[in-house]
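This report describes a pocket, the ligands, and some details of the backbone. Please look at the sequence and the structure before reading on.

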Amino acid sequence: MDEKVFVMNHPLIQHKLSIMRDKNTSVKDFRECAHEIGLLLGYEATKDLELEEFELETPITKMVGRRTKRKVALVPILRAGLGMVDALMDLIPAAKIGHIGLYRNEETLEPVEYYCKMPTDIAERQVLVLDPMLATGGSAIDAITMIKKRGAVRIKFVCIIAAPQGIEALRKAHPDVDIYCGAVDEKLNENGYIVPGLGDAGDRLFGTL
Ligand code: PRP
Ligand code: URA
């Protein structure tokens with residue numbers, strides 16, 4: 001794996017991800033685990049946010065404090081990316097939110113776009129694109145192309161599970177985009193689902209199975 005792909009083999013992620021993978025897990029528990037993994041991935045994906053110094057006064061003395069300098073935009077890919085956005089908003093409450101609507105045509109597996117609305121100052125922001133699943137990579141590639149067309153230049157992609165094919169395709173299409181994921185699974189099946197995976201993330205998050 002190259003240095004632009006960060007796989008977080010954290011024990012808490014592995015524990016929570018195993019709950020998500022279990023087909024008997026309820027919608028409520030699935031959602032809670034997606035949220036909690038989102039927090040852990042968000043921590044890692046923001047580790048190099050730029051800081052600036054400023055003067056403050058504690059009850060004891062003056063000191064130089066630090067605050068994040070670069071503003072952030074979160075861009076969930078609809079629908080399943082919504083399952084991670086609240087976690088990232090907990091970490092970065094001032095983040096602006098863009099939305100991209102994409103779904104995979106079930107036969108061709110090609111992404112079909114239906115919505116795109118970005119913050120107007122997206123070019124100045126660190127953009128975190130959120131989607132639990134990176135399978136063929138088609139959705140992530142198209143989403144990032146759409147975001148770049150609107151001016152974004154600093155983009156990271158954050159997912160819960162990635163397939164090797166998806167990572168390879170995304171790295172090739174957008175080599176400037178770092179990838180943060182909770183696990184890299186074995187492969188895709190003939191229907192483009194990640195194996196072993198967790199099934200259809202959108203359906204499991206929203207109870208539309
Ligand atoms: C899922 C998932 C990704 C996409 C990944 O969305 O949330 O967006 O598939 O597959 P890919 O890497 O092969 O493009 P889906 O198309 O099922 O839409 P949904 O979130 O609305 O259910
Ligand atoms: N989309 C999903 O929701 N799950 C997969 O395994 C692949 C694409």
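The lining of the largest pocket divides into 15 nonpolar, nine polar and six charged residues. The model is a predicted one. In total, 30 residues line the largest pocket, and its volume is about 660 Å³. Nearest the centre of this pocket lie Tyr-103, Arg-104, Tyr-193, Asp-200 and Gly-202. Five elements give two or more residues to the lining: the strands β4 (72–78), β6 and β9, and the helices α4 and α6 (201–206).

**Ligand 1**

Ligand 1 sits in the largest pocket. The elements that supply two or more residues to the shell around ligand 1 are β6 (99–104), β9 (133–134) and α4 (138–149). The elements β6, β9 and α4 also appear among those that give two or more residues to the pocket lining. There are 15 residues around ligand 1, and those that come nearest are Arg-104, Asp-131, Thr-136, Gly-137 and Ser-139. Sorted by class, this shell holds six nonpolar, five polar and four charged residues.

Oxygen atoms of ligand 1 have polar partners in the protein. In Ser-139, a side-chain N or O atom is 2.5 Å from an oxygen atom of ligand 1. In Arg-104, the partner is a polar side-chain atom, at 2.7 Å from an oxygen atom of the ligand. Ala-135 takes part through its backbone instead, with a polar atom 2.9 Å from an oxygen atom of ligand 1. How much of ligand 1 does the protein bury? Taken alone, ligand 1 exposes 500 Å², and the protein buries 91% of that.

**Ligand 2**

Ligand 2 also sits in the largest pocket. Around ligand 2 are Arg-104, Met-133, Ala-135, Gly-192, Tyr-193, Ile-194, Gly-199, Asp-200 and Ala-201. By class, this shell has five nonpolar, two polar and two charged residues. Arg-104 and Ala-135, listed here around ligand 2, were met above: Arg-104 through its side chain and Ala-135 through its backbone.

The contacts listed in the table for ligand 2 involve backbone atoms of the protein.

| Residue | Protein atom | Atom of ligand 2 | Distance |
|---|---|---|---|
| Ile-194 | polar backbone atom | oxygen | 2.8 Å |
| Gly-199 | backbone N or O atom | nitrogen | 2.8 Å |
| Ala-201 | polar backbone atom | oxygen | 2.8 Å |

Taken alone, ligand 2 exposes 240 Å², of which the protein buries 88%.

**Details of the backbone**

Most peptide bonds are trans, and most residues other than glycine have a negative phi. Where does the chain of this model depart from that pattern?

A cis peptide bond joins Leu-78 and Arg-79, with omega at about -5°. Arg-79 is in the loop between β4 and α3 (82–91), and β4 is one of the elements that give two or more residues to the pocket lining. Another cis peptide bond links Val-195 to Pro-196, and its omega is about 0°. Pro-196 belongs to the loop between β13 (194–195) and α6. The helix α6 is likewise among the elements that give two or more residues to the lining of the largest pocket.

Leu-109 has a positive phi, about 65°, although it is not a glycine. Leu-109 lies in the loop between β6 and β7 (111–117).

**A loop contact**

Asp-121 is found in the loop between β7 and β8 (126–130). What does the side chain of Asp-121 make a polar contact with? The partner is the side chain of Lys-96, at 3.4 Å. Asp-121 can also be compared with Gly-151: these residues are 30 residues apart in sequence, and their C-alpha atoms are 8.5 Å apart in space.

Technical notes: Residues numbered from 1 in each chain as written. Chains lettered and ligands numbered in written order. Predicted model: local features only at pLDDT ≥ 70, side-chain atom pairs only at ≥ 80, totals over all residues. Heavy atoms only, no water. Near = heavy atom within 4 Å. Polar contact = N/O pair within 3.5 Å; in protein donor to acceptor, adjacent residues only side chain to side chain. Areas by Shrake-Rupley, 256 points an atom, 1.4 Å probe, with all protein chains shown as cover. 1 Å grid on protein atoms, 1.4 Å probe; cavity = no way out; pocket = protein on both sides within 12 Å on 5 of 7 lines; lining within 4 Å. Sits in = over half its atoms within 2 Å of the grid points. Helix = DSSP H or I, 4+ residues; strand = E, 2+ residues; numbered from the N terminus. Nonpolar A, V, L, I, M, F, W, Y, C, P; charged D, E, K, R; others polar. Points joined across faces, edges and corners; volume = space filled by probe spheres on them.
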